[in-house]
Amino acid sequence: MTDALSITMLGLALGMRHATDADHVVAVTTIVSERGKAGGAALIGAIWGLGHTTTILLLGGAIILFEWIIPPRVGLALEFAVGIMLVVLGGRALRRARPAIGRTEPRHRHARPFGIGLVHGLAGSAAVALVVLATISDARWAMAYLALFGVGTLIGMAVITAVLALPFRSGRLASSRWPEALRVGAGVLSLGFGLMLMYEIGVGNHLFVGTPVWDPR
């Protein structure tokens, strides 16, 4: 009972902390800023968390159950994909910050946060699974930890997106140019962070040339 409680508390706590990673927050910030309203912000975060949890369970579970070994270059490529995604999100946020006539919300508006969560999960699954393997030898408990970690991440991101949407909650702010400035800021931040991440992985960690240096995180 003590072990079960410890794993439950640890998985949930570390999952919620994982939601605060800089690349995660930057990505969802661009999505929340584009919506221009607070409604449904927590749902966006929860859907992101669901996508993240899906890949954590599938890929992380395969690493634990089947002892998969992720080659360094593959691991770096998955993290490089996060950088590309942040650049794309930043460019999109900047484009949508400009006034547009007749702009409508996409029909499948929840597909994008889910897809972004999937990509982030792919990049982080190996690191999470390796940490679990180093501390929990029983595969069943390890999988339970992964599931709780995912739930914690989902909860954490739902809270974060709700907080990020607060500037849009005030009617006075919503009627000013402040939301547009926030969109521009979110776009610039995402673009810059994505480019920095791509440079760090591509050049600093030798993804494309030389011997790749991968430290799962």
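A residue counts as buried when its relative accessible area is under 20%. Keep that cut-off at hand for the exercises below, and remember that the structure above is a predicted model.

**Exercise 1. Describe the protein as a whole: what elements does it contain, and what share of its residues is buried?**

Step 1. Start with the secondary structure. The protein has 8 helices and 0 strands, so its pattern along the sequence reads α-α-α-α-α-α-α-α.

Step 2. Turn to burial. Of the 217 residues, 42% count as buried.

Step 3. Look at the surface. About 11100 Å² is exposed, and carbon and sulfur atoms supply 70% of that area.

Step 4. Finish with the contacts. Take those between residues at least 6 apart in sequence: 86% of them join residues at least 24 apart.

**Exercise 2. Find the residues that touch the most other members of the largest nonpolar core, and say which helices supply the core.**

Step 1. The largest nonpolar core has 37 residues, and L86, I116 and V132 touch the most other members.

Step 2. Now find the helices on the structure. At least two core residues come from each of α2 (22-35), α3, α4, α5 (111-135), α6 (139-164) and α8.

Step 3. Zoom in on L86. Setting aside neighbours within four places in sequence, L86 is in contact with D23, V26, A27, S190, L191, F193, G194 and L197.

**Exercise 3. Classify the aromatic pair of F80 and F208, and work out which parts of the chain it ties together.**

Step 1. Note the two quantities you need. A pair of aromatic rings is described by the distance of the centres and the angle of the planes.

Step 2. Count, then read the values. The protein has 2 aromatic pairs. One of them joins F80 and F208, with 5.2 Å centre to centre and 90° between the planes.

Step 3. Apply the cut-off. Planes over 60 degrees apart count as edge-to-face, and the pair of F80 and F208 is edge-to-face.

Step 4. Place the residues. F80 lies in helix α4 (residues 72-97) and F208 in the segment after α8 (178-204), so the pair ties together parts that are 128 residues apart in sequence.

Step 5. Compare their surroundings. F80 is buried, at 13% relative accessible area, whereas F208 is exposed, at 55%.

**Exercise 4. List the salt bridges and say how accessible their residues are.**

Step 1. The whole structure contains 2 salt bridges.

Step 2. One joins D21 and R17, whose closest N and O atoms are 3.2 Å apart. R17 is partly exposed, with 46% relative accessibility.

Step 3. In the other, the side chains of R140 and D138 meet at 3.3 Å, N to O. R140 is exposed at 68%, while D138 is partly exposed at 25%.

**Exercise 5. Locate E67 and H206, and say what is notable about phi in each.**

Step 1. Begin with E67. Its phi is near 55°, a positive value in a residue other than glycine.

Step 2. Find E67 on the chain. This residue sits in the loop between α3 (41-66) and α4, and E67 is exposed, with a relative accessible area of 66%.

Step 3. Do likewise for H206. This residue is not a glycine, yet has a positive phi of about 60°.

Step 4. Place H206. The residue lies in the segment after α8 and is partly exposed, at 34% relative accessibility.

How values were computed: Residues numbered from 1 in each chain as written. Predicted model: local features only at pLDDT ≥ 70, side-chain atom pairs only at ≥ 80, totals over all residues. Heavy atoms only, no water. Helix = DSSP H or I, 4+ residues; strand = E, 2+ residues; numbered from the N terminus. Buried < 20%, exposed > 50% of the residue type's maximum accessible area, 1.4 Å probe, protein only. Contact = heavy atoms within 4.5 Å. Areas by Shrake-Rupley, 256 points an atom, 1.4 Å probe, with all protein chains shown as cover. Phe/Tyr/Trp six-rings, centres within 6.5 Å; stacked < 30°, edge-to-face > 60°. Salt bridge = Lys/Arg side-chain N within 4 Å of Asp/Glu carboxyl O. Core = buried A, V, L, I, M, F, W, Y, C linked by side-chain atoms within 4.5 Å.
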